[in-house]
Amino acid sequence: MKKLSFLLALAAPLSAQAAETGDLLRFVACPVYRDADSGKKSGCWLADDVAVGIRYDVSLSPYKPDWNRAVLVEGRLSGAAETACGAKVMDPVRASVLPEACQRHMLPAEGYPGRKFVLPKRNVDPASIVRKAPEGPFAERTFVLFFEFDRSFVVYQYSDYLLDKAVTWLAAAKPKKVVVTGFAASDPETVSGHSIAERAEVARERAELVTESIHRMLPDLVIETRSETGAKPADLPDADGIPGQSQRRVEIRALF
Amino acid sequence: MTDRLSRIPRSIMAALLLPAAALALAATQKAPPPPWWSPGEGRTFPAQIDYRNDSGTLRSLLVGGPLPTKGHPFFEPIGSNGRACVTCHQPADGMSLSAATAAERWDVTKGKDPLFAAIDGSNCPILPQGDRASHSLLIERGLFRIQRPWPVKEWQGKPVTPDFTIDVVRDPNGCNSAPGYGPAAGNISIYRRPRPVSNFKYLLAVGFAYDPKQGIALPRDPDGHGQSSGNLMADNRAANLRLQMEDAAASHLQLIGKLTPKQEAAINDFEMRLYTAQQASALGGALDSAGASGGPAKLRDSEPGALGSIGTPVWSEYAAWEKIPPEEAAKLTSEQLAFRKSVARGARVFRDKTFLITDSSGINSPAGFGNPVRNSCVFCHNMSQMGNDVAPGQVDLGTTTLPFADPWADLPLFRITCLKAPHPFYGRTFFTYDPGFALSTGRCADVGKITLQSLRGLAARAPYFSNGLAKNLRGIVDYYERRYNIGYTEQEKQDLVNLMSVL
């Protein structure tokens with residue numbers, strides 16, 4: 001069942017059946033903010049999959065919704081209790097802001113506490129902390145960063161962490177050259193009745209921004225920038241098992 | 001001037017200060033040098049200098065000892081209009097310039113002070129310069145005219161094509177539409193407060209290598225000193241102090257030619273040695289007593305660039321005043337005790353009282369925090385000891401942009417039209433008094449972003465925000481209250497005001 005829905009979701013939206021823990025979900029929705037208050041960054045983000053009439057808690061996305069705009073929700077049903085926000089918890093999850101306008105809506109806390117903020121696992125150390133230099137021998141290696149739908153912004157407390165790891169390794173490994181390839185999920189797909197596709201240019205924008213970031217950190221490194229459209233999902237650990245996330249990426253390949 | 005010095009009764013002042021500080025102050029009181037520093041006076045800038053203000057005493061420390069200012073390019077009128085850097089960055093005014101001081105200078109000199117130079121000390125050079133009304137923005141709101149090229153052609157060493165247009169909707173002073181002025185003539189005039197020239201160790205510190213607001217690594221310093229903090233100037237047009245002083249000398253001082261490397265080194269030396277903060281409170285006493293560590297010595301002695309949320313909490317300088325032991329309390333008047341408790345609560349309110357931050361680009365977009373996001377003052381003002389932003393602090397609070405900015409008939413108003421994607425919160429067309437950061441980057445999404453300032457020495461340099469929107473400290477709290485509908489209690493508002501009065 002799990003396997004089947006994974007395959008289905010790659011090809012088409014999930015049909016109107018109740019999802020099970022671990023199932024992959026992908027839909028477009030207008031987000032609702034629940035004003036739960038357990039201190040800073042503790043509010044809830046909710047999104048309804050209108051095809052099945054179920055409300056999901058998408059608060060754990062590394063990039064969060066804007067209450068003025070639609071979101072593309074991608075992720076898996078976690079099976080965690082609904083106690084924090086009062087909706088089915090998706091984890092891992094991604095919530096990309098789309099250009100379509102939405103009616104702004106905020107719910108009161110209604111007794112839900114939200115989640116007290118904890119620093120995500122992927123967070124960059126302050127510049128003052130000396131990075132442990134990775135040890136050789138060094139050989140060809142690829143690092144991957146991930147992006148929000150149709151954006152080239154290096155996501156805070158997610159991709160900046162992955163970038164920092166890459167830069168720290170590159171600084172020690174001193175490869176002959178680095179190839180930075182930006183990918184765009186530019187093939188149109190229909191999600192919740194919306195035809196969505198990333199702009200082809202975002203592949204180049206991603207590659208250029210990441211190239212510029214690496215260049216700023218390691219000015220002497222030789223970097224070649226490439227881009228590819230029509231990106232396909234790939235099995236990459238930091239995409240957290242979300243196929244759509246794995247498509248929206250930049251690869252940093254070190255060559256010796 | 002003398003009026004300002006005597007505003008606070010001596011008896012209170014003496015009671016406020018630690019014995020050593022009181023002695024130092026008593027010594028300076030014998031022949032108090034005038035607070036106003038005129039260009040080229042040749043005074044010596046002492047290692048420690050105190051100035052009174054309505055809230056107490058401001059102190060500056062010059063690390064490395066006294067500086068004879070004779071011949072020093074920060075203090076000499078090296079340009080062609082008789083001004084020096086110190087004209088607009090006055091020690092008594094927290095190294096900025098308060099509107100009250102500008103008004104005083106107008107009255108004392110009948111408008112002859114070079115401060116009022118037509119170039120930027122008047123609403124516009126085309127106006128009759130002898131009229132007070134032609135300098136109203138400086139006298140009433142402490143604003144100087146800043147003229148920037150438009151359209152901008154280059155940013156961080158790369159060519160730029162702006163993705164928005166600027167139309168002048170209203171031009172009360174002429175500097176955006178008279179011949180030679182305004183977007184049609186290749187420039188734009190906006191009006192801004194002088195930013196304090198002190199505590200630069202903090203403003204230049206690079207806490208993290210990546211900019212979470214722009215989603216990219218910090219740029220390299222153009223002079224090869226690591227990365228740029230991105231925290232200078234309202235619009236961040238200067239990447240470092242050298243570029244800033246070259247801009248300042250050419251514009252504010254009307255220097256013909258260039259600063260010499262020696263002059264640049266001398267200005268940099270002075271700027272990097274200076275620390276400024278409130279040292280004593282008229283209501284609460286010495287700010288470094290009873291376990292508190294207010295005042296500039298703490299700034300001088302701390303490591304810059306630390307994020308308060310993972311280290312030393314912002315304004316924990318006053319944590320000891322949360323619980324003042326009875327034997328300490330016995331030494332204070334009940335007013336002093338109450339004030340100190342209020343300051344300590346204010347620091348808590350600043351850090352812990354959360355509200356929904358909405359539609360503020362730089363925070364709510366594109367950083368991924370979400371719109372809205374629940375947080376407190378310290379979310380943006382997050383650097384330990386300083387309260388500026390550890391990351392490059394370009395955020396749109398709405399201070400310069402409608403509908404959040406106050407309606408002001410005497411400022412020019414511009415219509416912004418985004419040519420590509422609409423602005424994430426304002427839409428395709430909207431109105432601003434100052435596009436801020438977007439004048440540097442050329443990006444519509446950056447319109448209205450203003451770099452967060454230092455929060456030190458506030459008591460000495462009203463009004464506040466880049467366009468002087470808040471007349472006094474209470475005005476700051478009131479702005480945030482109406483901008484974000486925070487719901488502060490009257491007590492919390494007063495606690496925040498008291499806190500800000502001792503920074």
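Two strands count as paired if DSSP finds at least two bridges between them. That rule underlies the sheet in chain A of this predicted model, where A:L46 has A:D57 of strand 4 as its bridge partner. In chain B, the main topic is a pair of domains, domain 1 (44-162 + 185-272) and domain 2 (283-501). Salt bridges occur throughout, and a search over all chains finds 52 of them.

**The sheet in chain A**

- Chain A holds an open sheet of 7 strands in the order 1-5-6-4-3-2-7, with mixed pairing.
- Strand 1 (24-29) and strand 7 (106-108) of chain A are the edge strands; each has a single partner strand, so one side of each lacks a neighbour in the sheet.
- From one strand to the next, the twist averages 35°.
- In general, the strands of a sheet pair through backbone hydrogen bonds, in either the parallel or the antiparallel sense.
- Strand 2 (residues 31-35) of chain A pairs with strand 7 of chain A in the parallel sense, over 3 bridges. Within this pairing, A:Y33 is opposite A:M106 of strand 7.
- Strand 2 of chain A also pairs with strand 3 of chain A, here in the antiparallel sense and over 4 bridges. A:V32 is opposite A:L46 of strand 3.

**Strand 3 and its hairpin in chain A**

- Strand 3 (residues 44-49) of chain A is mostly covered, with 5 of its 6 residues buried.
- Strand 3 and strand 4 (residues 54-57) of chain A run antiparallel and are joined by 4 bridges.
- These two strands, 3 and 4 of chain A, make a hairpin with 4 residues between them. In the turn, A:G53 has a positive phi of about 70°.
- A:L46 has a bridge partner on each side: A:V32 stands opposite A:L46, and A:D57 in strand 4 is the bridge partner of A:L46.

**A buried helix in chain B**

- Helix 5 (residues 99-109) of chain B is largely enclosed by the rest of the structure, because 8 of its 11 residues are buried.
- The buried residues of this helix include the charged B:E104 and B:R105, along with B:W106.
- B:A99, B:T101, B:A102, B:A103 and B:T109 are also buried in helix 5 of chain B.
- Just after helix 5 of chain B, B:K110 takes a positive phi of about 50°.

**The two domains of chain B**

- The centres of domain 1 and domain 2 of chain B, taken over C-alpha atoms, are 21 Å apart.
- Contact between the domains involves 52 residues of domain 1 of chain B and 64 residues of domain 2 of chain B.
- About 4,500 Å² is buried between the two domains of chain B, and carbon and sulfur atoms give 59% of this area.
- On the domain 1 side, B:R141, B:Y202 and B:K213 lose the most area to domain 2 of chain B, together 19% of what that side buries.
- The interface between the two domains of chain B contains 3 salt bridges.
- B:R141 also forms a salt bridge with B:D410, whose closest N and O atoms are 2.8 Å apart.

**Salt bridges within the chains**

- In chain A, the side chains of A:D164 and A:R131 meet in a salt bridge at 3.1 Å, N to O.
- A:D164 lies in helix 2 (residues 159-173) of chain A and A:R131 in the loop between strand 7 and strand 8 (141-146) of chain A, so this pair ties together parts that are 33 residues apart in sequence.
- A:D164 is buried at a relative accessible area of 10%, whereas A:R131 is partly exposed at 24%.
- In chain B, B:E246 and B:R242 form a salt bridge at 3.2 Å, N to O. Both residues lie in helix 9 (residues 241-251) of chain B, 4 residues apart, about one turn of the helix.
- B:R242 is partly exposed, at a relative accessible area of 26%.
- B:D478 and B:R474 form a salt bridge with their closest N and O atoms 3.0 Å apart. This pair lies in helix 16 (residues 473-484) of chain B, again 4 residues apart, about one turn of the helix.
- B:D478 is partly exposed at 25% relative accessibility, and B:R474 is partly exposed at 26%.
- A network of salt bridges links B:R148, B:R192, B:D235, B:R237, B:D247 and B:D434.

Methods. Residues are numbered from 1 along each chain as its sequence is written. Chains are lettered from A and ligands numbered from 1 in the order in which they are written. This is a predicted model: local features need pLDDT of at least 70, side-chain atom pairs count only at pLDDT 80 or more; totals for chains, interfaces and linings use all residues. Side-chain values use heavy atoms; hydrogens and water are left out. Axes are lines fitted to C-alpha atoms, for helices over the stretch in contact, and angles run from 0 to 180 degrees between N-to-C directions. Buried means under 20% relative accessible area, exposed over 50%, partly exposed in between (1.4 Å probe, protein chains only). Domain bounds come from an automatic or database domain assignment. Contact means heavy atoms within 4.5 Å. Buried area is the accessible area (1.4 Å probe) that two parts lose on being put together, summed over both. A salt bridge is a side-chain nitrogen of Lys or Arg within 4 Å of a carboxyl oxygen of Asp or Glu.
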